[in-house]
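Here is a short tour of a protein chain and the ligand it holds. Have a look at the fold, then join me at the binding site.

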Amino acid sequence: MTRGLFVVFEGIDASGKSTQARRVAELRDAHFTFEPGDTPLGVDLRRWVLDASTPMTPVTEALLMLADRSHHVRTVIEPTLDSGGSIVSDRYFASTLAYQGYGRGVDLARLEAATELAIGSCLPDMTILIDTPPELANDRRAPDARDRFESADLAFHQRVREGYLEIAHKWEGRWCVIDGSKSEEEVADSVDERLTSLRW
Ligand code: TYD
């Protein structure tokens, strides 16, 4: 049985990544999934971690994201890939490095070690970063949508964006950066062009 393809979409809140991830999954007949929260256990973890009214340290935040991811990998991602199905995931390990590492200041080396514990060797074949300026993403966001991360200030989202760009640079070859300030159609064309080069 040939292992399926594993593609991840990353980006700041309201970057446009979820629209692209869902479109690609449908077009390529892949299983669409997301983090945090796409397992029965994850539903509760997501509720806790996004609830802005529950104070939480950055390390606690990171550990909840990693707990969600570890469970997600073992119960959804790996079984699907092993049975020959492909996966498109809206967020994966780089979200924790970007948000909790670069955004909140949790030690990156320790986060990387904890990530390895959570995901083992389950790395994406390709990660597509939809790189959108935080000011633009902020304008796109519904004014009443304000969870723990959406309610963070612009400087936080700027650090997350810069973190993503650094990670993309480090993983050059397995990552692709697409300008998220372009129209939805232009972004879709760039995404499709890149995925075709993966022979997908
Ligand atoms: P998501 O559902 O993708 O929200 P959006 O569609 O608005 O981007 O993710 C929920 C929030 O969780 C988002 O603000 C990013 C944050 N997050 C982290 O901080 N760390 C993580 O590891 C993950 C997976 C998400």
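A polar contact here is a pair of N or O atoms within 3.5 Å. Keep in mind that this is a predicted model.

With that cut-off in hand, we can turn to the ligand. A nitrogen atom of the ligand has a polar side-chain atom of Gln100 at 2.9 Å. Oxygen atoms of the ligand are also met by side chains, as the table shows.

| Residue | Ligand atom | Distance |
|---|---|---|
| Asp13 | oxygen | 2.5 Å |
| Arg46 | oxygen | 3.0 Å |
| Gln100 | nitrogen | 2.9 Å |

How much of the ligand does the protein bury? On its own the ligand exposes 540 Å², and the protein buries 90% of that. The ligand takes up the space of the largest pocket.

Which elements build the shell around the ligand by giving two or more residues? They are helix H1 (17-27), helix H2 (40-50), helix H3 (58-82) and helix H4 (93-103). H4 provides the largest share, with four residues. In total, 16 residues surround the ligand, and those that come nearest are Asp13, Arg46, Arg91, Thr96 and Gln100. Sorted by class, the shell holds seven charged, five nonpolar and four polar residues.

Now for the chain as a whole. It contains eight helices and five strands, and their order along the sequence reads β-α-β-α-α-β-α-α-β-α-α-β-α. The radius of gyration is 16 Å, close to the 16 Å that the globule rule gives for 200 residues, so the chain is as compact as a globular protein of that length. Along its principal axes, the C-alpha trace spans about 45 × 35 × 30 Å.

Methods
Residues are numbered from 1 along each chain as its sequence is written. This is a predicted model: local features need pLDDT of at least 70, side-chain atom pairs count only at pLDDT 80 or more; totals for chains, interfaces and linings use all residues. Side-chain values use heavy atoms; hydrogens and water are left out. A residue is near a molecule or strand if one of its heavy atoms lies within 4 Å of it. A polar contact is a pair of N or O atoms within 3.5 Å; within protein, one must be able to donate a hydrogen and the other to accept it, and residues adjacent in sequence count only if both atoms are side-chain atoms. Accessible areas come from the Shrake-Rupley method with a 1.4 Å probe; for residues, only the protein chains shown count as cover. On a 1 Å grid over the protein atoms alone, a cavity is a set of points where a 1.4 Å probe fits but cannot get out, and a pocket is an open set with protein on both sides within 12 Å along at least five of seven lines; lining residues have an atom within 4 Å of a point. A molecule sits in a cavity or pocket if more than half of its atoms lie within 2 Å of its grid points. Ala, Val, Leu, Ile, Met, Phe, Trp, Tyr, Cys and Pro count as nonpolar, Asp, Glu, Lys and Arg as charged, and the others, Gly among them, as polar. The radius of gyration is taken over C-alpha atoms; the globule rule is 2.2 Å times the number of residues to the power 0.38.
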